[in-house]
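Work through the exercises below with the sequence and structure at hand. Try each task before reading its solution.

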Amino acid sequence: MHRIGVFVCHCGSNIAATVDVERVSEALSHEAGVVHSVNYQYMCSENGQQLIKNAIKEHSLTGIVVCSCSPRMHEATFRKTAEAAGLNPYMVEIANIREQCSWIHKDIEEATEKAIVLARTAVAKLTLNKPLIAGETGVTKRALVIGGGIAGIQAALDIADAGYEVDIVEKNPTIGGRMAQLDKTFPTLDCSACILTPKMVDCAQHEKINIYSYSEVDKVKGFVGNFKVTIKKKARYVDETKCTGCGVCMANCPSKKGLNAFNMDLNTRPAIYIPFAQAIPNVAVIDPEQCIKLKTGKCGLCSMKCGVGAIDYKQQDTFVEREYGAIVVATGFKPISLENFNEYGYADNKDVITSLELERLMNAAGPSKGTLVRPSDGEHPHVITFIQCVGSRDVSGCGKPYCSKICCMYTAKHAMLIREKYPDTQVNVFYIDVRTPGKNYDEFYRRAVEQYGVNYIKGMVGKVYNENGKLMVQGSNLIDNEQVTIPSDLVVLATAIEPDPSVKDLATKLTISIDTNNFLTEAHAKLKPVECATAGVYLAGVCQGPKDVPETVAQASAAASKVIGLLAKDKLKGNPCVAHANEMTCTGCSQCAEVCPYGAITYENKEFRIGGGKTEKRRVASVNPAVCQGCGACTVTCPSGAMDIHGFSSAQILKEVEAICKR
C-alpha cells in the first residue's frame with residue numbers, strides 16, 4: 001500500500017505569484033495513495049526540509065513528491081532529506097512547477113491547472129517506483145587536460161601540485177596556446193611571454209605532469225572516475241628523447257618556404273622547425289607536406305647534420321591508452337574567418353591585417369623583429385585605423401551574435417603601445433560601443449584616449465578600398481552625424497573569436513553539449529560554471545565562452561579544484577537508474593550495444609529451460625551497471641522492448657502519460 005506525501009513549494013513568489021499553491025496541495029490530497037499534502041514558502045530551506053522529515057516519520061510515508069523548481073537544482077537536496085528520515089532516496093519525485101509552469105505562464109488559472117497535472121504525473125510515476133541502491137566504483141587517481149594553452153597549463157599545475165598525476169594533450173608541437181603569440185597583456189602591459197613561459201617550464205619540470213605534444217584525443221570510453229582514453233601521437237619524424245633543440249637541422253634545411261603558423265603566416269619557416277624560441281618541448285618537428293625527403297625520397301640533409309641522430313623519417317603515428325578519473329577540456333579559440341567580410345578588403349590588401357597578426361608584428365620575436373611595418377612594403381605606417389567588432393555582435397548571419405569580450409581592451413592596448421613607441425603615428429578606432437567590464441579596465445581605456453590621444457570614432461565602417469596606395473576607410477561618425485573617409489597606411493581588424501574547430505568532434509567523444517555558437521555548455525550557468533552535464537568532465541577557458549586571461553586562469557583553477565575534489569575520493573556512488581535487459585524477451589540482436597555511447601552492453605550465451613526438461617542456449621544482452629549512465633539510448637532502440645531503465649521504466653512513463661490524460 002502506497003503512502004505518498006506531496007509538498008508544494010511557493011518558492012517565494014517565483015511559483016506562488018502565478019500558481020495557486022493552496023489549490024494544488026488541496027487537489028493532490030485527493031489523489032490515490034496520497035495521505036499527506038501541504039504547501040510551504042521555501043521547501044529547500046532548513047525548515048522546509050525538516051517539515052518533510054517530520055511528515056515522513058509521522059505519516060509513515062513510502063514516497064514523496066516535491067512540487068518545486070527543476071530537479072537539476074534540488075533533486076539531490078530532497079533525496080538527502082528523504083534518506084535522513086529513513087526513506088529510500090529514489091522514492092522521491094520532483095514535479096517541476098517553476099521552470100515548466102509558473103515561469104512560462106501569466107494566467108493563474110492556466111498555470112494552476114498545469115501545476116496540478118504535473119504533480120499528478122509525479123504521483124502516478126511514484127506508485128511504480130521501487131527502492132534502488134546505488135553501487136560504488138573506484139577512482140583512477142589521474143587527470144587528463146585537453147589543451148596546452150594557459151587554461152590547460154594552469155589546471156594541470158594546480159592538479160599536479162595537489163599530488164595527482166596529470167597528462168596534457170596538446171595538438172600543436174608545443175604547449176603555450178594563443179597566449180604565447182601575444183606581445184603584451186592588458187591592463188598591466190606586462191610581457192606575455194615573461195608570465196607564460198615560467199609556467200610552461202614548470203609544467204615540463206613537474207614530476208607529476210606528462211606532456212603529450214603534437215597529439216590528439218582519439219577515443220574516450222568509460223565514465224566518471226574511470227575514463228579510458230586513446231591518445232594519438234602524431235609522427236614528428238624527430239625522436240623527442242634525442243633532440244636537443246640545437247637548431248642545426250633548421251639552419252641547414254633547404255626547404256624554407258612553409259608559412260609560419262605561429263607568426264600568423266606573415267613569414268616563412270623551414271620544413272623542420274621549432275615553433276618559437278621558448279617552445280616546450282624544445283623539440284623540432286617536420287612538416288611532411290613541405291619536407292623534400294618525405295615527399296620525394298631525396299635530400300635528408302637534416303638527418304646528416306643532426307649530431308645526435310634524432311631524425312627518423314620512418315616514424316609513424318602511435319596510439320597510447322590511459323585511464324583517468326577526470327578530464328579538463330581547455331581547447332581554446334581561434335579568430336573567425338574573414339571570408340564573409342569582403343567590405344574590409346582583407347583578402348585583397350596586405351596592409352589590412354587582424355589584431356593577432358598585429359601582435360606578431362609588434363613582438364620582438366615576430367617576423368619584423370618588433371618593428372611595426374606595413375606587410376606590403378616594410379615601411380613604417382603613419383596612420384593606423386582599427387575597426388572594432390568585425391564579426392562580433394553580428395546578427396546578419398555573417399559573423400557571431402555574441403560580444404567577443406576581449407576586443408575593446410586589446411585594441412586599446414595596441415593603440416597605446418603604438419602611440420608610445422611611435423608618437424608620430426595617428427591612431428583611429430571605429431567602434432560601436434566600448435565595453436570594459438573588468439578591474440582597472442575602464443581606466444585603461446581612458447588612458448588610451450586621454451593620455452595617448454587615440455582618436456575614437458563612434459560608428460561603423462562600410463568599406464575599405466585602395467586608392468593611390470592608401471587604404472581609404474569609409475565609415476560613419478555618429479557623434480558628429482557625418483560620413484567620414486580616413487586615408488590610412490594600415491588597417492587592423494578586431495576580429496571575433498570562436499571555439500577551436502576541434503571542439504565539435506571532442507564534444508561528441510565526451511558526450512557533452514555545445515550551444516548554437518559551438519561553445520561547450522556548462523551544467524549550470526551560475527552554480528556549475530565549470531562542470532558539464534557529463535560527470536567528471538570540466539571546462540576551462542574560451543572553449544566555454546569568450547574570456548580574457550585573468551578570467552581564463554581563474555576558471556582553470558576552479559576546474560582544477562573540482563578535479564582534485566573528485567580524485568581525493570576512493571569511491572564514487574554510481575547512479576542506480578541504469579539499464580537492464582529482460583533476458584526472456586531479448587533476441588541478442590546487438591542493436592542496443594551499437595548505440596550505447598559508454599560501451600556498457602556486452603553479450604553472453606545463457607542456458608534457458610524450454611519445457612520437458614530441455615534447455616537451450618541463447619545470446620542475451622548484459623549491462624554493466626558501473627559503466628551505464630542511464631541515457632536511455634538502448635531502450636528506444638531495442639526492437640523487442642527487452643531493455644528498460646530502473647526508475648524510468650516504460651511502465652512508469654506510460655503511467656505518467658495516463659495521468660496527464662486524466663480528466
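**Exercise 1.** Find which residue in E23 stands opposite phenylalanine 430.

*Solution.* This is a predicted model.
- Step 1: Locate strand E22, residues 426–431.
- Step 2: Go across to strand E23, residues 455–458. Four bridges join E22 to E23, and the two run parallel.
- Step 3: Read off the partner. Isoleucine 457 stands opposite phenylalanine 430.

**Exercise 2.** Place these strands in their sheet: what is the strand order, and which strands are at the edges?

*Solution.*
- Step 1: Trace the order. The open sheet has five strands, E20-E27-E21-E22-E23, with parallel pairing.
- Step 2: Check the ends. E20 (352–354) and E23 each pair on one side only, so they are the edge strands.
- Step 3: Add the twist. From one strand to the next, it averages 25°.
- Step 4: Look for a helix on the sheet. H11 (residues 407–421) packs there, touching E21, E22, E23 and E27. The direction of H11 makes about 175° with that of E21.

**Exercise 3.** Explain why the buried residues of H13 line one face of the helix.

*Solution.*
- Step 1: List the buried residues of H13 (503–510). They are Val503, Leu506, Ala507 and Leu510.
- Step 2: Look down the axis of H13. These buried residues fall within an arc of 105°, so they line one face.
- Step 3: Find what they pack against. The partners are strands E6 (142–146), E11 (215–223), E18 (326–329), E28 (497–499) and E29 (537–539).
- Step 4: Move just past the helix. There, threonine 511 takes a positive phi of about 50°.

Note on methods: Residues numbered from 1 in each chain as written. Predicted model: local features only at pLDDT ≥ 70, side-chain atom pairs only at ≥ 80, totals over all residues. Heavy atoms only, no water. Buried < 20%, exposed > 50% of the residue type's maximum accessible area, 1.4 Å probe, protein only. Arc of directions from axis to C-beta. Contact = heavy atoms within 4.5 Å. Axes fitted to C-alpha atoms, helices over the stretch in contact; angles between N-to-C directions.
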